[in-house]
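Here are my notes from going through this one. Have the viewer open while you read, and tell me if you see things otherwise.

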Amino acid sequence: MTGAHAADSLAPLEAEPGSPTGEGGADAPGGKPAAGGAPVVLRFAPLPEHVRTARLVAVALARRVGVEDGLLDEVRLAVGEACSRAVGLHRSAAPNVPIVVHLDDGLERFGVEVVDVVSGGPVPKPEDENAADGGFGEDGGADMGLAVLRGLVDDLEVELTASGGVIRMGWPVAAPRWAG
């Protein structure tokens with residue numbers, strides 16, 4: 001993942017990215033995917049049916065880069081939860097703006113970044129989990145998805161701002177399947 005906020009590059013669905021390599025990068029010499037960077041970038045309309053596609057792509061890439069088989073269900077569930085959360089936020093506040101998912105096949109870590117352009121409100125802190133309202137404020141659980149993600153993913157970073165949110169998740173990589 002990069003240091004730049006990925007939501008800064010979002011455009012309405014009608015606008016296509018100008019450069020064919022600007023979103024996904026290129027393969028390295030020898031037919032192997034370039035390590036690091038974001039070899040796969042998904043941009044999809046905020047529709048629930050697209051969440052399944054994001055999950056399938058994430059699990060396929062995780063398997064390919066060497067995430068342990070025992071963690072693939074966690075990847076599937078976490079990506080589904082993060083994308084469903086983003087779809088819900090966009091459907092109500094930004095239905096014409098796509099959700100962006102960056103999938104990063106780093107050498108030691110498989111990373112997923114789900115970007116939305118809707119302010120997600122407060123981030124429940126682990127110490128707030130036992131509060132009377134569960135740490136979610138008076139709206140009764142608007143960020144229940146974040147609590148689910150905290151329970152699923154050890155390597156989780158949530159960045160919520162007035163201009164949107166980024167959920168970054170990561171899993172350890174053993175030996176990549178394509179390594180020779």
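1. Which strands does helix 3 lie across, and at about what angle does helix 3 run to strand 4? Keep in mind that this is a predicted model. Helix 3, residues 144–152, lies across strand 4 and strand 5, and its angle to strand 4 is about 155 degrees.

2. Now the sheet itself. It is open and built from 5 strands in the order 1-2-3-5-4, with antiparallel pairing. Strand 1 (40–44) and strand 4 sit at the edges, each pairing on one side only. On average, neighbouring strands are turned by 10 degrees against each other, ignoring direction. Helix 2 packs on this sheet and touches strand 1, strand 2, strand 3, strand 4 and strand 5; the direction of helix 2 makes about 15 degrees with that of strand 3.

3. Strand 3 deserves a paragraph of its own. On one side there is strand 2 (residues 99–105), antiparallel to strand 3 over 6 bridges, and the two form a hairpin with 3 residues between them. If you want pairs to click on, His 102 has Glu 113 of strand 3 as its bridge partner, and Val 100 stands opposite Val 115. Strand 5 (residues 164–172) also runs antiparallel to strand 3, joined by 8 bridges; there, Phe 110 has Trp 171 as its bridge partner.

4. Why call strand 3 largely enclosed by the rest of the structure? Because 7 of its 8 residues (the strand spans 109–116) are buried, and buried here means under 20% relative accessible area.

5. Over to the helix pair. The axes of helix 1 (residues 49–65) and helix 2 (residues 72–93) come within 9 Å, crossing at roughly 145 degrees, and the crossing is right-handed. From helix 1, the residues involved include Val 51, Ala 54, Ala 58 and Arg 63; they meet a set in helix 2 that includes Leu 72, Val 75, Gly 80 and Val 87. Sorted by class, this contact has 10 nonpolar, 2 polar and 3 charged residues.

6. Last, a loop residue. Is Ala 162 buried or exposed? Ala 162 sits in the loop between strand 4 (155–161) and strand 5, and it is exposed, because its relative accessible area is 75%, where the cut-off is over 50%. Ala 162 and Val 118 are 44 residues apart in sequence, yet their C-alpha atoms are 7.4 Å apart in space.

Note on methods: Residues numbered from 1 in each chain as written. Predicted model: local features only at pLDDT ≥ 70, side-chain atom pairs only at ≥ 80, totals over all residues. Heavy atoms only, no water. Axes fitted to C-alpha atoms, helices over the stretch in contact; angles between N-to-C directions. Helix = DSSP H or I, 4+ residues; strand = E, 2+ residues; numbered from the N terminus. Left-handed = near helix turned anticlockwise from the far one by under 90°. Contact = heavy atoms within 4.5 Å. Nonpolar A, V, L, I, M, F, W, Y, C, P; charged D, E, K, R; others polar. Buried < 20%, exposed > 50% of the residue type's maximum accessible area, 1.4 Å probe, protein only. Pairing = 2+ DSSP bridges.
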